[in-house]
Amino acid sequence: MDDLLLRRVRVGLDGQLADVRANDGLVSAIEEPGSGSGFAARVLDGHGGTLLPGLVDAHVHTVQWAGFRRRIPLGTAHSAAEAVELLLHRLLSAPAYPGQPEELVVGAGFRDALWPDEPHKEMLQRALPGRAVALFSADLHTLWLSPAALKLIGREHPTGVLLEGDCMSATAQLPAAPAEVQDRWVADALTAAASRGVTGIVDYEFADTVADWTRRVASAVPATRVSCVIARHLLDTAIARGHRTGDVLPDGGGLLSVGPFKLFVDGSLNTRTAYCHDPYPETDSLGLLELPPEELVPLMRRAAEHGLAPAVHAIGDKANTIALDAFAELGCAGRIEHAQLLSADDIPRFAALGLVAGVQPAHQPDDRDVADRHWHGRTDRAYPYRALLDSGARLEIGSDAPVAPLDPWDGIAAAVGRTDDTRPAWHPEQAIPLADALAAASGGRRGIAVGDPADLVITAADPTGLSPADLRDMPITATFLAGKPTHLA
């Protein structure tokens with residue numbers, strides 16, 4: 001029998017000291033300190049730390065995040081030329097990256113929306129003649145390839161800079177580490193996530209996540225629960241398997257479940273492919289419409305009829321209008337992922353339609369300068385978390401790792417503080433209260449009660465009243481998954 005007794009923990013924000021017991025994966029008692037009696041297989045002293053519901057990252061690309069941690073970082077580049085310089089510097093100082101394919105140099109994390117120059121395949125050719133080089137943008141919507149890398153996957157392209165669908169299909173063709181190596185990387189990444197209080201993730205990897213996670217669980221128990229998102233090209237496979245969103249998978253040890261069905265309406269802000277009502281500055285472009293309504297609605301309908309809730313990627317305001325219209329037409333449950341720029345009239349529709357807004361607050365400080373440039377005059381309704389919350393919408397916080405680190409405290413701090421540097425908060429009127437941010441980062445849980453899952457985290461400090469910087473650096477004492485420790489400081 002699994003039996004856990006946590007002594008001297010403060011239950012909830014600004015909570016009172018208590019002893020908390022868990023049995024068989026559930027919270028079974030909350031008692032006065034020292035009043036608990038009876039044997040417990042494991043007794044831990046919380047040292048007055050704060051006990052909170054375990055954190056859930058509602059949007060992760062797990063394999064990409066695990067691999068990103070081993071790629072050459074390019075996030076500090078302010079130009080294409082500087083990105084190439086960073087690449088060369090890192091290769092000279094550390095030419096080998098364990099586990100990466102020998103035939104490919106891989107970098108990641110560049111943001112080119114404000115660059116003064118344009119990336120091009122010939123820049124990589126001049127720097128690394130004949131080498132296959134693949135550089136991923138921070139938002140995963142752009143892939144910059146050298147001529148040798150294009151040849152490696154049998155493609156021709158005038159610039160080597162692939163966007164959106166071309167980017168994602170080319171990514172799937174690139175050489176990758178063997179599955180057993182990737183699985184070790186994923187396990188390491190989730191262990192690191194558990195050290196930040198994470199007890200669950202929603203895996204949006206563009207792959208057969210059900211098969212991949214079933215394989216992984218057969219080898220090792222993951223450090224978190226995993227909701228396995230269904231990619232568009234696997235809809236028929238999921239239907240044939242009888243999968244329905246929320247179902248617990250039979251071979252997952254109780255830790256795997258079927259997630260939503262993912263569709264893209266548009267692209268991203270940094271790639272300037274988010275689909276908007278107004279054109280981008282100095283262009284006639286509204287962005288990229290990936291799925292027009294006449295294609296989107298039938299796909300959503302087919303999924304919903306088979307119990308798969310749609311999760312619709314929509315970043316630009318016009319893309320969000322299209323997604324909301326589709327949900328209104330079908331009347332089905334689901335969620336909109338990102339919801340970064342919204343028309344004022346669309347904000348109350350999330351609650352009216354019963355939709356979840358899957359948001360990534362850590363993107364807002366990263367994107368503020370790009371938004372000020374490319375969404376000028378509209379940023380009062382960009383990343384509008386307070387407006388959504390006040391309208392009654394349900395928010396769920398994710399990282400979109402590797403776009404941002406798989407660390408919910410980063411997202412919580414951004415949601416509360418609207419900045420991650422010394423600059424004043426960006427549109428502070430859209431900041432949300434700490435309790436709401438914690439709930440959005442905990443799968444909707446707002447406290448701990450008897451009968452709740454014993455997916456729990458003890459923080460060394462009470463988050464109440466902490467600055468955004470201190471929230472980001474929150475020390476974690478312990479994390480528990482179904483009452484079993486996955487991290488002990």
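Is Asp45 buried, exposed or partly exposed? Let's start there. Keep in mind that this is a predicted model. Asp45 comes out at 34% relative accessibility, so the residue counts as partly exposed. Its salt-bridge partner is Arg8, with N and O 2.7 Å apart. Arg8 sits at 38%, so that side chain is partly exposed too. Now, where are these two in the chain? Arg8 belongs to strand E1, residues 3–11, and Asp45 to strand E4, residues 42–45, so this bridge ties together parts that are 37 residues apart in sequence.

That's one of 29 salt bridges in the structure. As a general reminder, oppositely charged side chains can pair when their charged atoms come close.

Next one: Arg381 with Asp317, at 3.0 Å from N to O. Here the pair spans 64 residues, from Asp317 in helix H10 (residues 317–330) to Arg381 in the loop between helix H12 (363–374) and helix H13 (385–390). How buried are they? Asp317 has a relative accessible area of 1%, so it is buried, and Arg381 is buried as well, at 18%.

Then there's Asp436 with Arg446, where the closest N and O atoms are 2.6 Å apart. Asp436 is in helix H15, residues 434–440, and Arg446 is 10 residues away, in the loop between H15 and strand E19 (456–459). This pair is a mix: Asp436 counts as buried at 17%, whereas Arg446 counts as exposed at 59%.

And salt bridges can form a network, too: here one links Asp183, Asp212, Arg215 and Arg216.

Okay, on to the sheet. Which strands make it up, and in what order? Five of them, running E7-E8-E9-E10-E11, in an open sheet with mixed pairing. At the edges you find strand E7 (72–73) and E11, each pairing on one side only. Look inside the sheet at strand E8, residues 105–110, and strand E9, residues 133–137: those two run parallel, over 5 bridges. If you want a spot to click on, Gly107 is opposite Leu135 in E9.

Helix H5 packs on this sheet, touching E9, E10 and E11, and its direction makes about 105° with that of E11. Which residues of H5, residues 164–173, are buried? Glu164, Cys167 and Ala170. Why do I say they share a side of the helix? Because they cover an arc of only 130° around the axis, which puts them on the same side of H5. Among the elements covering those buried residues are strand E10 (142–145) and strand E11 (161–163).

Last topic, the nonpolar cores. The largest has 92 residues, and the ones touching the most other members are Leu296, Leu308, Ile336, Phe350, Trp375 and Trp409. Which helix gives the most to this core? That's helix H6, residues 179–194, with 7 residues.

Take Ile336 from that group and look around it. Leaving out residues up to four places away in sequence, its contacts include Val312, Ala323, Leu324, Phe327, Phe350 and Leu355. Asn320 and Gly358 are also among the residues it touches.

Apart from the largest core there's another, of 18 residues, with Val84, Leu87, Val105 and Val161 among them. Remember E8 from the sheet, which covers residues 105–110? Val105 in this core falls in that stretch. Okay, that's my tour.

Conventions: Residues numbered from 1 in each chain as written. Predicted model: local features only at pLDDT ≥ 70, side-chain atom pairs only at ≥ 80, totals over all residues. Heavy atoms only, no water. Salt bridge = Lys/Arg side-chain N within 4 Å of Asp/Glu carboxyl O. Helix = DSSP H or I, 4+ residues; strand = E, 2+ residues; numbered from the N terminus. Buried < 20%, exposed > 50% of the residue type's maximum accessible area, 1.4 Å probe, protein only. Arc of directions from axis to C-beta. Contact = heavy atoms within 4.5 Å. Pairing = 2+ DSSP bridges. Axes fitted to C-alpha atoms, helices over the stretch in contact; angles between N-to-C directions. Core = buried A, V, L, I, M, F, W, Y, C linked by side-chain atoms within 4.5 Å.
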